[in-house]
Amino acid sequence: MVQVLLSNNLYLGQEIMGHSEICVRRDHILSGFTWMALSSPSCTHIDGVKKLKGLRYRNMSSQIVGKFSQNNQDISQEFQLPSAYESAMEALSTLITQKKRNGTSAISGPNQKLDRMLRYIKILGLEEKIADLKIIHVAGTKGKGSTCAFSEAILRECGFRTGLFTSPHLIDVRERYRLDGMDICQGNFLQYFWDCWNQLKANISEDLPMPPLFQFLTVLAFKIFVSEKVDVAIIEVGLGGKLDSTNVIKEPVVCGITSLGMDHMETLGDTLGQIASHKAGILKIPLKVVAPLTLEKLNGTRLSLSGDHQLSNAALAVSLCKSWLRSTGNWKRLFEDVGI
């Protein structure tokens with residue numbers, strides 16, 4: 001299995017564990033390839049786990065907890081009040097779009113979807129601010145979440161403030177938004193959530209309804225990372241690439257594509273070539289290849305995620321981070337005394 005690195009003026013011929021030259025191998029199937037492309041406050045919260053109709057979990061807001069401590073006699077009465085977080089989850093659930101009988105979304109048209117994304121971003125005043133984010137954008141069939149996680153961990157270890165947007169979440173929607181390796185806290189999430197919600201709600205029309213769920217969550221990710229002033233934003237593609245809501249990113253620092261396979265064929269096509277075309281839609285420049293890490297290169301070091309396939313995901317993450325460091329001018333600052 002090989003990985004492909006995309007770079008505008010940078011040829012990364014060294015891996016993190018050595019200095020071997022990147023080799024290119026052509027396989028007769030695309031599922032063995034992963035690609036990469038390069039272009040030019042913490043807070044405290046308290047979570048509850050009460051079951052709630054329509055939601056898997058309920059999180060008690062800090063405001064309600066505060067009231068409990070002030071007047072224990074009112075605990076049972078206060079517990080019946082909806083929390084601010086519960087209200088946000090109920091609002092979010094209204095954005096789940098219904099499918100038509102032919103399987104298409106009620107809000108159809110790929111060009112229309114991306115056009116609306118740009119309009120939502122403009123309403124929130126994020127257009128120029130997103131352009132200033134130093135983004136790593138990752139697509140693929142298998143391993144894109146792991147690659148994003150590896151990349152975030154590497155750059156956080158280098159001392160950068162990181163933002164990570166992935167999907168789906170398992171229990172709490174805040175899992176999709178990680179700042180410095182931690183899920184965004186409830187208080188900050190609510191602040192950014194209602195800011196986005198209220199501004200969009202005030203500007204909806206027949207021509208521009210509220211965004212579907214994933215589009216809203218993507219817009220919210222940009223809002224969070226811009227507001228939190230992250231040094232690097234690592235963005236995982238939701239579905240495909242070319243027509244994905246995250247592909248409003250015009251100038252990422254570097255892009256990566258993990259291994260390809262037959263996924264979402266009803267949307268992306270029923271051949272690997274068609275699927276690859278969709279995934280490659282996030283790429284902005286030519287391709288380069290990155291070979292997987294080997295056990296010899298790791299020299300006894302264990303990856304935080306298990307499985308032989310993680311050697312490819314980790315290798316892609318290493319090259320993504322090296323490209324990001326060099327393109328942003330941080331490589332020399334960090335490693336000039338090390339001689340790497």
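Which residue in β7 is the bridge partner of G163? It is L179. Keep that pair in mind, as we start from there. One caution first: this is a predicted model.

Let's look at strand β6. It covers residues 162-165. T162 and L164 point one way, while G163 and F165 point the other way. Buried or exposed, these four? All are buried. There is a general pattern behind this. In a regular strand, side chains alternate between the two faces of the sheet.

Now the neighbours of β6. One is strand β7, residues 177-179. β6 and β7 run antiparallel, joined by 3 bridges. The other strand to note is β9, residues 232-236. β6 and β9 pair in the parallel sense, over 4 bridges. G163 has a bridge partner in β9 as well, namely A233. So much for the strands.

Next, the rings. The whole structure holds 12 aromatic pairs. Take F165 and Y177. Their ring centres are 5.5 Å apart and their planes sit at 20 degrees, so this pair is stacked. F165 belongs to strand β6 and Y177 to strand β7, and the two are 12 residues apart. The pair links distant parts of the chain. How buried are they? F165 has a relative accessible area of 1%, which makes it buried. Y177 is buried too, at 0%.

Compare a second pair, F193 and W194. This one is edge-to-face. The centres are 4.9 Å apart, with 90 degrees between the planes. F193 is buried, with a relative accessible area of 0%. W194 is partly exposed, at 26%. Both pairs feed into something wider. Ring pairs link Y85, F165, Y177, F189, F193, W194, W197, F214 and F216 into a cluster.

One more ring, elsewhere. What sits over the ring of W331? The charged end of R326 does, 4.5 Å from the ring centre.

On to the core. In soluble globular proteins, nonpolar side chains tend to be buried together. Here the largest nonpolar core has 43 residues. Which members touch the most others? They are Y177, F189, F193, F216, L220, F222 and F225. Several elements give two or more residues to this core: α3 (84-93), α4 (110-123), β7, α7, α8 and β9. Helix α8 provides the largest share, 9 residues.

Let me stay with Y177 for a moment. Leave aside its neighbours within four places in sequence. Y177 is then in contact with L164, F165, M182, D183, I184, F189, L217, L220, A221 and I224. Apart from the largest core lies another, of 17 residues. Among its members are L164, V232, L320 and L325.

Last topic: charges. How many salt bridges are there? The count comes to 8. I'll show three.

First up, R161 and D180. Their closest N and O atoms are 2.4 Å apart. R161 lies in the loop between α6 (144-157) and β6, and D180 lies in the loop between β7 and β8 (182-183), so this salt bridge ties together parts that are 19 residues apart in sequence. D180 is partly exposed, with a relative accessible area of 32%.

Then R178 and D183. Their side chains meet in a salt bridge, 2.6 Å from N to O. D183 is partly exposed, at 30% relative accessible area. R178 also counts as partly exposed, at 27%.

And then D195 with K223. Here the closest N and O atoms are 2.8 Å apart. D195 is in helix α7 (residues 186-201) and K223 in helix α8 (residues 213-227), so the pair ties together parts that are 28 residues apart in sequence. D195 counts as partly exposed, at 28% relative accessibility. K223 counts as buried, at 12%. There is also a network. Salt bridges with shared partners join R161, D180 and E228.

To close, back to where we began. G163 has bridge partners on two strands: L179 in β7 and A233 in β9. F165, also in β6, stacks on Y177 of β7. And Y177 is one of the residues that touch the most other members of the largest core. Thank you.

Technical notes: Residues numbered from 1 in each chain as written. Predicted model: local features only at pLDDT ≥ 70, side-chain atom pairs only at ≥ 80, totals over all residues. Heavy atoms only, no water. Buried < 20%, exposed > 50% of the residue type's maximum accessible area, 1.4 Å probe, protein only. Pairing = 2+ DSSP bridges. Salt bridge = Lys/Arg side-chain N within 4 Å of Asp/Glu carboxyl O. Phe/Tyr/Trp six-rings, centres within 6.5 Å; stacked < 30°, edge-to-face > 60°. Lys NZ or Arg CZ within 6 Å of the ring centre and 35° of its normal. Core = buried A, V, L, I, M, F, W, Y, C linked by side-chain atoms within 4.5 Å. Contact = heavy atoms within 4.5 Å.
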